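Colleague: I am new to this structure and would like a close look at one part of it, the aromatic rings. Please take me through how they pair and what sits against them.

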Amino acid sequence: MSKTRSFQTSHYPCRRDILAASVGIAGGAAAGGLVRPTRAAAPLRLVAGTRTIEVNGKAASVFRLTGPDGKSCLTLAPGERFNVSLANATNDPTIVHWHGQLPPWTQDGFPWKQTPPIAAGATRNYDYAPIPGTYWMHSHHCMQEQLLMAAPLIVHTAADRREDRQEVVLMLHDFSFRSPEALLADLTKAPVGNGTSTGKGMAMAPGMASDGSTGMGSMRMGSMPMKVTNPASMKMDLNDVTFDAYLANDRTLADPEIVRVASAGRIRLRVINGAVSSQFWLDFGGLDGIVVAVDGHAVKPVLVRRLPLAMAQRVDILLDLPGSGAFPILAQVEGEHARTGIVIATPGSPVTRLAPDADTEAPPVDLSLERVLRSAVPLVPRPVDVHHRMTLSGGMSPYAWSINGEYWPKVTPLMVASGQRVAIDMINQSMMAHPMHLHGHAFQVVALNGTRIAGAVRDTVLVPPMGQVRIAFDANNPGRWAFHCHNLYHMMGGMMTELRYPNIV
């Protein structure tokens, strides 16, 4: 830190002055705490559009998801139904996924052939009972997510309103002035502009095949899975892409958001890692934080001052300020000095300039938090009915990423049936971490590297290089469900498969 600077104070769109925090966020209807929703008289209007933001003094044109109040967020009151009309005001097709929510599969926001992208100028309606907690929404069409087609989705509970805590939402992004097409071309060594258009000026690189049946625009490399002959001799890769900036609520540390709170304030901080290819270490600047939920689902409280956050994961932290002052909340990129963040400050407290780079390089994001998390509402014990194995493979040269030796869209679905208890072992045979996200289900982490735990309930879990993670869930949401690495470029390089129930066509 250096000289004092008077930053502009602003509030992220989701922030409300006084909201309550509950250490018992329900993991779903069965977990309790979810008021039976009533159908709204008219749907909430959500608009997919474009905007211009300033990043370190330079203008950039990006996407935007705008809620009914004109802000980049969608917030639902306790018991409110997810009754939403999504209007595509861009010049390109789009489709928005409600990440972590459990809707019917045809409302999940994934471009299956039965649910193609929304055409420019068109509107699509969604109506389902949401589960409460910290979630987010992002495009699942081509690489629009890289261009900030994403926003928080916060579903409150009645308990949130009863407890006296100020709510602060922090959403992280990685940002490049270059197009996603150019970034992917660098990785695949493919010429930019050749191939089939995928929207927003993007092209599919030669040697890849699009899934015409899904409208996904995803890609399949024509290479074989990487065979690891001597894992000990291989070097871990951390970051595929060199980004121009890292954003916290759309701003960098050159002009961070200053959130004003009461002296000795009590805060619920909801953090969303919306980055497409970056993982962070969160640092609370000496404050003691209490983790009470991950991926929207309650956990037994864990005291932290620093924690890892993989791509697409969320964490709810309770902070009690010791008095007056300015308190930086920083997110440093793994393997780098670069960082971003916001500042929580009491009225009248000066805010000093924060350096965009930390003094030391951050270590790789790991499972240190995952090992100590315990679900507040774990799965009811019962025998496993079906056990699947997913081998995650791939490498940087050629840039290709597979599941069980297959590349999307030419994959063999993982079959499950309604009522089954399902276990899935994910074995990472590559030297990069993979944050694996399952659509339409909340799973419990039940083993890490062969050690059994009664871990957190999540929708996204990190599988480290050469590591193993076992998850378990009840098959209670029939349909077709994507299961993929949430590193956008790994997914575009083939690392996606399907979880399917029978008799779904």
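Modeller: The model is a predicted one, and it holds 10 aromatic pairs. One of them joins Phe 110 and Trp 112, whose ring centres are 4.6 Å apart. Their planes meet at 55 degrees, and an angle from 30 to 60 degrees is neither stacked nor edge-to-face, so this pair counts as tilted. Both Phe 110 and Trp 112 are buried.

Another pair is made by Tyr 246 and Phe 280, and its geometry is edge-to-face. Here the centres are 6.2 Å apart, with 85 degrees between the planes. This pair links distant parts of the chain, as Tyr 246 belongs to strand S13 (residues 245–248) and Phe 280 to strand S16 (residues 280–283). The two residues are 34 residues apart. Tyr 246 has a relative accessible area of 7%, which is under the 20% cut-off, so Tyr 246 is buried. Phe 280 is buried too, with a relative accessible area of 0%.

Aromatic residues also group beyond single pairs: Phe 82, Trp 98, Tyr 126 and Tyr 128 form one cluster.

Charged side chains come next. The charged end of Lys 58 sits over the ring of Phe 177, at 4.4 Å from the ring centre. Arg 306 lies over the face of Trp 281, also with 4.4 Å to the centre of the ring. Trp 281 falls within strand S16, the strand that holds Phe 280.

Key. Residues numbered from 1 in each chain as written. Predicted model: local features only at pLDDT ≥ 70, side-chain atom pairs only at ≥ 80, totals over all residues. Heavy atoms only, no water. Phe/Tyr/Trp six-rings, centres within 6.5 Å; stacked < 30°, edge-to-face > 60°. Buried < 20%, exposed > 50% of the residue type's maximum accessible area, 1.4 Å probe, protein only. Helix = DSSP H or I, 4+ residues; strand = E, 2+ residues; numbered from the N terminus. Lys NZ or Arg CZ within 6 Å of the ring centre and 35° of its normal.
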